[in-house]
Structure formats: C-alpha cells, structure tokens
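Let us take a walk through a protein together, one piece at a time. Keep the picture open beside you and follow along as we go.

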Amino acid sequence: MSRIASTTAPEGAVIPERHPKAPEIGTKIPSHFGHCFGCGELHPTGLHLVAHAGAGADLTAEFIVTENHQGAPGLAHGGLLSLAFDEALGKLMWLIRSPAVTARLETDFLKPVPMGTTLHITARITGQVNRKVYTAAEGRLGGPDGEIAVKAAALFVIVPMSHFLENAPKEYLEHIAKTPEILAFVDPEFEINP
C-alpha cells in the first residue's frame, strides 16, 4: 500500500477562485508583517522574499541568498530554504484572502543553492477542501526557467484572524497598535470565520 502525502490534494479538491480583492496580476504581494524573517522589509538579516501575484491561484517569488543565510560555507541552509518555500506558499493565501497557518511542509533538495544566487520560486494552489488548502512550488537557479534546485509542497489550514492576534504578546500588540503598518494583513476586509 502506498502512502499519499498529506500535502497532496485529495480527489475532489477544487482550485479556489481568486478573491475579487486579491492583489492584481503582476503586482507585489504585501508583506503580512514587517518583522517577518521571510518577507519583512524591517528584518535586518531576513530573506526579504518578494512575491508577485500570478494570473490564477499562483505566484512568483524570489530572494537572494546572502552570507546571513548560509548553512555549509557558501551554501544556503536547508532549513532556511524550507522557510523560503513556507513564505512563498503562504503568500498564496493573499490570492484567496484567507488567513491560514502551515499544517505540513515537505521540501525536496535537488541541488545546492550557492550564496549570491537568486532563487526563483513559482508557487500554486493545487486544491482546497473546506479549510484545507494544498499547495506546491519549485525553486530554480539562474532565472525563472533555470534548473530546479528545490521543490516543496504544503498543507495550510484556514484560521480566524483572532488566532494571530490572541497569540501575540501584550507588549507586542501595544507596539502594533502604535504602528499598524507593520502588520499589513490585519484589515477589516481580511476576516474569516471558518
């Protein structure tokens, strides 16, 4: 009996429709949090991953591997590459405007990713069943059509916005109240009650 990965969309899963207020095709998908290690512009050593909305339930993203991202000398750390894919796949939720958390992430490392290179990621939603959103991505070296270096698949679970706010420290919520622009995904139209 073969095992079906929990990141594989089951039979009957549908590709969700793009939300009418999703970022427009080709536009930059906002950072959900300014201090996020994956996409936050305010994090001094983060990935600074930038993603752009695709035409459907897909996106493209990229980040440059710096000296802050090394595992072995001169090569990206494997866990950090998993983080990059978690970030890129998570940004797909902007297209369906559903806050979600990562339930499972699987990453396959096919080639080393050297420091100084740009990893070009394509990500897509492969299906949705109720609150479960299935996703997949590839990361290429040398350009969007270059050799595949990393593949990933993930399962996200849609949660209410309160999940994020109720789990933040009180002091941090006070900081956010004074500087709401660092928490971009909290807007009154981005609510969901699963």
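Strands β5 and β6 make a hairpin, with five residues between them. In the turn sits G142, whose phi is positive, at about 85 degrees. Please keep in mind that this is a predicted model, and that the values here are computed from it.

Follow the two arms of that hairpin. β5 covers residues 132-141 and β6 covers residues 147-158, and they pair in the antiparallel sense over 10 bridges. You can pick out individual partners along the way: G139 has V150 in β6 as its bridge partner, and E138 stands opposite K151, also in β6. How much of β5 is covered? Mostly, it turns out: eight of its 10 residues are buried.

Now turn to the other neighbour of β5. Strand β4 is joined to β5 by 10 bridges, and these two strands run antiparallel. One bridge to look for pairs H120 with R140 in β5. β4 and β5 form a hairpin as well, with two residues between the strands, and here N130 takes a positive phi near 55 degrees.

With these strands in mind, step back to see the sheet they belong to. In what order do its six strands lie? The order is β1-β2-β4-β5-β6-β3, in an open sheet with antiparallel pairing. At the edges stand β1 (50-53) and β3 (100-109); each has a single partner strand, so one side of each is left without a neighbour in the sheet. Neighbouring strands are turned against each other by 20 degrees on average, if direction is ignored. As you look at the strands, one general idea may help: in a regular strand the side chains alternate between the two faces of the sheet.

What packs on this sheet? Helix α1, residues 78-91, does so, touching β1, β2 (58-64), β3, β4 (118-129), β5 and β6. The direction of α1 makes about 55 degrees with that of β6. You can also check the length of the helix for yourself: at 1.5 Å a residue, the 14 residues of α1 should span 20 Å, and this agrees with its end C-alpha atoms, which are 20 Å apart. Many names appear on the list of buried residues in α1, including L80, L81, A84, F85, A88 and L89.

One buried residue of α1 deserves a pause. E87 has its place in this helix. Although E87 is buried, it has no salt bridge; the nearest side chain of opposite charge belongs to K91, 4.1 Å away. The cut-off for a salt bridge is 4 Å. Which residues does E87 contact, leaving aside neighbours within four places in sequence? They are H32, C36, G38, C39 and L49.

Next, let us visit two residues with a backbone surprise. H48 has a positive phi of about 55 degrees although it is not a glycine. H48 is found in the segment before β1, and at 34% relative accessibility it counts as partly exposed. R97 is not a glycine either, yet it has a positive phi of about 50 degrees. Look for R97 in the loop between α2 (93-96) and β3. Is R97 buried or exposed? At 10% relative accessibility, R97 counts as buried.

Another loop, the one between β1 and β2, holds A57. At 15% relative accessibility, A57 counts as buried. Not counting residues up to four places away in sequence, A57 touches I15, P16, L92, L95, A123, R124 and I125. The C-alpha atoms of A57 and H19 are separated by 9.6 Å, while the two residues are 38 apart along the chain.

Finally, take in the whole protein. It has four helices and six strands, and reading along the sequence gives the pattern β-β-α-α-β-β-β-β-α-α. Of its 194 residues, 41% are buried. What share of the contacts between residues at least 6 apart in sequence joins residues at least 24 apart? The share is 67%. A good way to finish is to return to the picture and trace the strands once more in their sheet order, β1-β2-β4-β5-β6-β3, and then find helix α1 packed on that sheet.

Technical notes. Residues numbered from 1 in each chain as written. Predicted model: local features only at pLDDT ≥ 70, side-chain atom pairs only at ≥ 80, totals over all residues. Heavy atoms only, no water. Pairing = 2+ DSSP bridges. Axes fitted to C-alpha atoms, helices over the stretch in contact; angles between N-to-C directions. Contact = heavy atoms within 4.5 Å. Buried < 20%, exposed > 50% of the residue type's maximum accessible area, 1.4 Å probe, protein only. Lys, Arg positive; Asp, Glu negative; His and termini not counted. Expected span 1.5 Å × (residues − 1).
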